Amino acid sequence: MKARRGAEKLWDLVNNEPYVNCLGALTGGQAVQQAKAGIKAIYLSGWQVAADNNEYSAMYPDQSLYPVDSVPKVVERINNSFNRADEIQWSKNINKGDAGHVEYHLPIVADAEAGFGGVLNAYELMKAMIRAGAAGVHWEDQLASVKKCGHMGGKVLVPTTEAVQKLIAARMAADVYGVPTLVIARTDAEAADLLTSDYDENDKPFLTGERTAEGFYKTRKGLDQAISRAIAYADYADLVWCETGTPDLEYARKFAEAVHKVHPGKMLAYNCSPSFNWKKNLDDATIAKFQKELGAMGYKYQFITLAGIHSMWYNMFDLAQDYAKRGMSAYVEKVQEPEFA
């Protein structure tokens, strides 16, 4: 099945490449273009699905408001697009090893948000992802009912144990289907300072003793809280990811070293987020070496979450604005001639 093939490819890539760098794709067509360009894996972001490709046909903020089957449906569309592109290639008698051959069946890592509920919701969502052909699926430790984009304020964490239970549910779904789908654990604890319950021993060192009007417990956000959770998740996930607010190699190094002290060799994931202001935070030389240095630290899967939507929206606005002023000259210069070149 597609999920098995994709998972095996992804596992081979993260274990044998210095790192795998990916772009977020929003549609099957975008994913096909990425494959033709030489990208080795696809990332599918819930943010992008919420914004412009969900089953409710609405534009939502990144707060898990869209129907739960939306991401699996996009995974299926991308895989169907890969199938069609490969069929066309096959019809032209272009085989693996031939000049011009494209490896279209790229592994897809899909966003499960915070699971859209409890452990049973996570279990069923993982099954849907597998049926659609996802190679890997990532899970956040936020409270699903008030989940927010990683770069928004007001994020609420669930207890560490509850997050672990969802990872176990996802792994169980993969085991039931008999596929090695990768489970990726994401923690938002670097920026989140709210918690639903104070019972978990792993969370107690970070409690401040304060409560909010909603009843949430206040915590001390930051690197130490994120590390504590990553270490707890590492036994239940193939890769661990800490969502951060800025592109900071030193922060990434401290996180990696702390995780590897307890879990040597644990593979990590990193969001090279378009929400970062890269030029404001880093010079050109650091930007150029950023992913290579992350790879050396163990960040084997790296991705730009919203690349597809930023590229599509920016370039369409740029074209439309010029076309409104200059008509066909704008289209020919900006689209047709570059395509023909």
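The following legends describe close-up views of a predicted model.

**Figure 1. Overall dimensions of the predicted protein model.** The protein contains twelve helices and twelve strands. Its C-alpha atoms occupy a box of roughly 65 × 50 × 40 Å along the principal axes. The radius of gyration is 21 Å, which agrees with the value near 20 Å for a compact globule of 341 residues. Buried residues account for 51% of the 341 residues. Of the contacts with a separation of 6 or more, 72% are between residues 24 or more positions apart.

**Figure 2. The closed barrel and the pairing of β1 with β2.** Eight strands form a closed barrel in the order β1-β2-β3-β4-β6-β10-β11-β12, and their pairing is parallel. From one strand to the next, the twist averages 25 degrees. Within this barrel, the view centres on strand β1 (residues 20-24) and strand β2 (residues 42-44), which run parallel and are joined by two bridges. G24 has Y43 of β2 as its bridge partner.

**Figure 3. The open sheet of four strands.** The strand order in this open sheet is β5-β7-β9-β8, and the pairing is mixed. Strands β5 (156-157) and β8 form the edges, each pairing on one side only. The parallel part of the view shows β5 with strand β7 (residues 194-195), a pair held over two bridges. L157 is matched there with its bridge partner L195 in β7.

**Figure 4. The hairpin of β8 and β9.** Strand β8 (residues 207-211) pairs with strand β9 (residues 217-219) in the antiparallel sense, over two bridges. The bridge partner of L207 is T219 in β9. Five residues lie between the two strands of the hairpin, where G215 adopts a positive phi near 100 degrees. Strand β8 is also an edge strand of the open sheet, pairing on one side only.

**Figure 5. Packing of helix α8 with helix α10.** Two packed helices are described by the angle and the distance between their axes. The axes of helix α8 (residues 249-262) and helix α10 (residues 284-297) come within 10 Å of each other and cross at roughly 5 degrees. Angles under 35 degrees count as roughly parallel, and α8 and α10 are therefore roughly parallel to each other. Helix α8 contributes L249, A252, R253, A256 and H260 to the contact, while α10 contributes T286, F290, E293, L294 and M297. By class, the residues of this contact comprise six nonpolar, two polar and two charged.

**Figure 6. Packing of helix α11 against helix α12.** Helix α11 (residues 307-326) and helix α12 (residues 328-340) pack with their axes 6 Å apart, at an angle of about 145 degrees. On the α11 side, the residues in contact are D318, L319, D322, Y323 and R326; on the α12 side, they are M328, S329, A330, Y331, E333, K334 and V335. The contact of α11 with α12 divides into six nonpolar, one polar and five charged residues.

**Figure 7. The surroundings of N83 in helix α4.** N83 belongs to helix α4 (residues 70-91). Residues under 20% relative accessible area are buried and those over 50% are exposed; N83, at 22% relative accessibility, therefore counts as partly exposed. Leaving aside residues up to four places away in sequence, N83 touches K2 and H105. A230 lies 147 residues from N83 along the chain, and the C-alpha atoms of N83 and A230 are separated by 36 Å.

**Figure 8. Positive phi values at S64 and N93.** Most residues other than glycine have a negative phi. S64, which is not a glycine, has a positive phi near 55 degrees. This residue, S64, is located in the loop between α3 (46-52) and α4. Its relative accessibility is 15%, so S64 counts as buried. N93 is likewise not a glycine, and its phi is positive at about 60 degrees. The loop that holds N93 connects α4 and β3 (108-111). N93 counts as exposed because its relative accessibility is 57%.

Notes:
Residues numbered from 1 in each chain as written. Predicted model: local features only at pLDDT ≥ 70, side-chain atom pairs only at ≥ 80, totals over all residues. Heavy atoms only, no water. Pairing = 2+ DSSP bridges. Axes fitted to C-alpha atoms, helices over the stretch in contact; angles between N-to-C directions. Buried < 20%, exposed > 50% of the residue type's maximum accessible area, 1.4 Å probe, protein only. Contact = heavy atoms within 4.5 Å. Parallel < 35°, antiparallel > 145°, perpendicular 65-115°, else oblique. Nonpolar A, V, L, I, M, F, W, Y, C, P; charged D, E, K, R; others polar. Rg over C-alpha atoms; globule rule 2.2 N^0.38 Å.
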